[in-house]
Amino acid sequence: MKHLFSGLIVLLWGSLFYSCSPRAANTDTGTVRIHWVRDPENLDPLVVDNSSAYEVANLTNCSLLCGDDSTQEFVPWLAESFPAVEQHGDTLLVSYRLRPEAAWDNGTPILARDVAFTLKVMNCPGLPIEMDQAMFGFVRDIRLHPTDSRQFTLVCLGASPDHVRTSGDYSILPEHILDPEGELRTIPLPHMARTAATPVVQAFVKRYQALQLAKHPERLPGCGPYRVSSWQNGRFLVLARKSKWWADALPVPPRQLQAFPTRLIYQIIPDATTATLALRRGELDVYPMMPAGEFARLQKSAAAQQSLTFSSTDSYDCLAVSFNVRQAVLRDALTRQALSYLFDAPTLNRATQQGTARLSAGLISPRIRQYYYDSLPLPRFDSRRAAALLREAGWQQQQAGGWLRSTRQNSREPLQLRLHYRAGESAFETIGLQFRAAAATLGIPVELYPTEQSLLTRQVRAGATDLTLRTLTGNPFSYDFTPLLHSRGIGASNTSGFSNTLSDQLIEQIATTEDPTRKRKLLRKFQRFLQQERPFTVLYFLPYRIAAAKRLGKLPVTGIRPGYAAARIRPVSTR
C-alpha cells in the first residue's frame, strides 16, 4: 500500500527501480516513456487478458478492422475497405479484401490464407481458445476467393450487425511462421473442433506450445509497426519501431496506420506516488490512468504546469462490483440487490475520483445517450432498504448478531462474505473499507482480500470469490454482451457465472437487431433486467486522466483504453 511508504523510502525504492530499467535521455526525441501499473504477464496472442497485454497486441499486430473513437465506428486496418455483407436467412456472408501493400516483416504478402489459418488456430483443440470461442465463435467458415489471394468471405451464424464489425477484430497470425508446411490447410475450419486426436493437429499444438509465446513474443513477429525488443517481467517492456513497415509505403496513411515514435518504453510502477515522482523528474513522459488525487495535486504545482500537459476525458470503463452467483449465499437476486445498497457510490465517487466519475444505472455509459436508460435509479446507499431486502430473501437477523437462512437441506447458512480486489489500488481499498463498515452495521461480516492481479484473475475464473471489485472495459462500437453475460461465456469470460434463458434471449436479440429504435428498446429492457438481477452493480464510469511531458505536443487522447494512441504520439522536435 502506498501510504506505508514515504519520504526517503520512496526515493530509494524509485532510484533502485530506475537503475534497473532502460533509461532514455531527454534528447532522444523519438523515444516515449509511458507508465504502466501492471505487467502484461502473458503475450500469447490467444491469451490477451489485461490492458497492458492488449496495448502490446495492438501495436505489434493488426486486425482486419479497428475501432475509431472519433467516429464511434470500425474502420479498415488490414482490410482494404469495410466488408461487403450479404444476408441469407440467419447467416451473414462478410466479404473482405486485404490491402495490397500489407506484408509480413520478411516481405511475404499477407493473404487470405493467413486469415483462414488464424481462424483455425482460434478453433484448435489443445490451445487456450476459450476466450476466442466466446467472442468469435459465430464465425463458422471461411471461403477463399478462387482467383484473388487477398479476398475471402466469412460465413457468420446470426444476422447481427455487431457480428460484421467483430468479424474483423482479432490479430492476424503469420502462417509461414507457425505452420510453414501449410499442414492445417487440409482441415476445413468447421472441422477443427473435431480434430483433437488427429496427428496433424497434435503436431501443430506441440509446435505452438514449444514457442512459449507467453514470455517470448519475439518468436512470433506480427504485422504491426512495432516489435518487442526487450522485456523484464514486472519492470519494463520496450517496443521498437520497425525500420521497414508495410504501411510506410502508403502515400497518405490513415490515422490507424500511423506510427511515429521510434521506441516506446513502458515502465511498470505499481505505486502511484513513485510514478508521479518519476514523471516530475523527467523519467516518464506519459502517465495515463492517473489517480484523481495525484492528478489534482500535480495540476496545482507551478513547476508541473511548466513541464507537463494535463488531459481528462470520459471513458467507457466502469468500476463495478461483480457477484459470483455460483456461491450459495449470492444465488438469489434479492440478496444481490440488498448488498448493492451497502455501496455508497456518490460518497465513493467524491472520495476516490474527486467527484469526476459519472454515476450510472448500469453497464451502458451515460455518455451514450441513445441507449442509456436514464429513467432507472442511480446507485445509492440505503442500509434500511438492504436489511428489508435481506429479510425478503429469507435471511433472519440473529439477536446474537449475524444473519442465517435455511437451505433446502434443512441446514442453516450464514451470511458472511469475502470481497476481492487488486492489491495496491487505493480506490479499491477505499471502496472495500466503506462496504465492510456498512455491512458491519447490519451484522454482516466481510473479509477484504487485496490480491496480486494474476492470482486474482485465476481465482475469479475458478469461481473462488464472492464479490469482486472490477474495472469493466467497454466501447461505443458494439453491444454484444455474449462474452460477459451469456451462458456461452461461462467458463471463459463470463466469470460471474450468471445466465438464464431470458438474458440469453435478450443478448441475442440485441446483437442481431440493426434497427436503432428496436435496439434502444431492447437495451433499455436489458438494463432494467440487469438492475433487477444484479450480476453486477456499476458504481460509476471512470474518467481517463493523463499527464504528459510538453515535448510530446498535443497528446492523441481517446475515450477507449488505454486513453491515448501511443503510435500517434509525435514529439514536437520530430515533426
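**View 1. Strands E16 and E17 side by side in the predicted model.** In this predicted model, strand E16, made of residues 417-422, lies parallel to strand E17, residues 446-451, and the pairing runs over 6 bridges. To find your place, look for Leu-419: its opposite number in E17 is Leu-448. To get from E16 to E17 the chain goes through helix H14, residues 426-441, and this β-α-β crossover is right-handed.

**View 2. E16 again, this time with strand E18.** E16 also runs parallel to strand E18 (residues 467-473), and 2 bridges join them. Leu-419 is a handy landmark here as well, since Leu-467 in E18 stands opposite Leu-419.

**View 3. Where domain 1 meets domain 2.** The protein splits into domain 1 (63-195) and domain 2, which comes in two stretches of the chain (317-386 + 417-541). Going by C-alpha atoms, the centres of the two domains are 32 Å apart. On the domain 1 side 17 residues take part in the contact, and on the domain 2 side 16 residues do. Putting domain 1 and domain 2 together buries about 1,300 Å², with 61% of that area coming from carbon and sulfur atoms.

**View 4. What holds the domain 1 side of that interface, element by element.** If you go hunting for salt bridges between domain 1 and domain 2, the count is 0. Polar contacts do turn up, with 3 residue pairs counted between the two domains, both partners at pLDDT 80 or more. On the side of domain 1 that touches domain 2, the elements giving two or more residues are strand E2 (65-68), strand E3 (73-76), helix H4 (130-136) and helix H5 (161-166). Helix H5 gives the most to that side, with 5 residues.

**View 5. A small open sheet, E13-E14-E15.** Here 3 strands make an open sheet in the order E13-E14-E15, and the pairing is antiparallel. The edges are strand E13 (396-397) and strand E15 (412-414), each of which pairs on one side only. Zooming in on one pair, E13 and strand E14 (residues 403-406) run antiparallel, with 2 bridges between them. For a residue to click on, try Gln-396, whose bridge partner in E14 is Leu-404.

**View 6. A salt bridge from Asp-68 to Arg-255.** The whole structure holds 25 salt bridges, and this view picks out the one between Asp-68 and Arg-255, where the closest N and O atoms are 2.8 Å apart. Asp-68 sits in strand E2, while Arg-255 is in the loop between strand E9 (236-241) and strand E10 (263-268), so the pair ties together parts that are 187 residues apart in sequence.

**View 7. The E4-E5 hairpin and its turn.** Strand E4 (residues 84-88) and strand E5 (residues 91-97) run antiparallel and are joined by 5 bridges. Val-85 and Val-94, the latter in E5, stand opposite each other. The two strands form a hairpin with 2 residues between them, and Gly-89 in the turn has a positive phi of about 65 degrees.

**View 8. Two backbone oddities, at Glu-41 and Pro-562.** Some background first: most residues other than glycine have a negative phi, and most peptide bonds are trans. Glu-41 has a positive phi, near 70 degrees, and is not a glycine. You'll find Glu-41 in the loop between strand E1 (31-36) and helix H2 (51-60). The other spot is the peptide bond joining Arg-561 and Pro-562, which is cis, with omega at about 10 degrees. Pro-562 is placed in the segment after strand E19 (536-549).

Notes: Residues numbered from 1 in each chain as written. Predicted model: local features only at pLDDT ≥ 70, side-chain atom pairs only at ≥ 80, totals over all residues. Heavy atoms only, no water. Pairing = 2+ DSSP bridges. Helix = DSSP H or I, 4+ residues; strand = E, 2+ residues; numbered from the N terminus. Right-handed = clockwise from strand over helix to strand, strands pointing away. Domains from an automatic or database assignment. Contact = heavy atoms within 4.5 Å. Buried area = accessible area lost by both parts, 1.4 Å probe. Salt bridge = Lys/Arg side-chain N within 4 Å of Asp/Glu carboxyl O. Polar contact = N/O pair within 3.5 Å; in protein donor to acceptor, adjacent residues only side chain to side chain.
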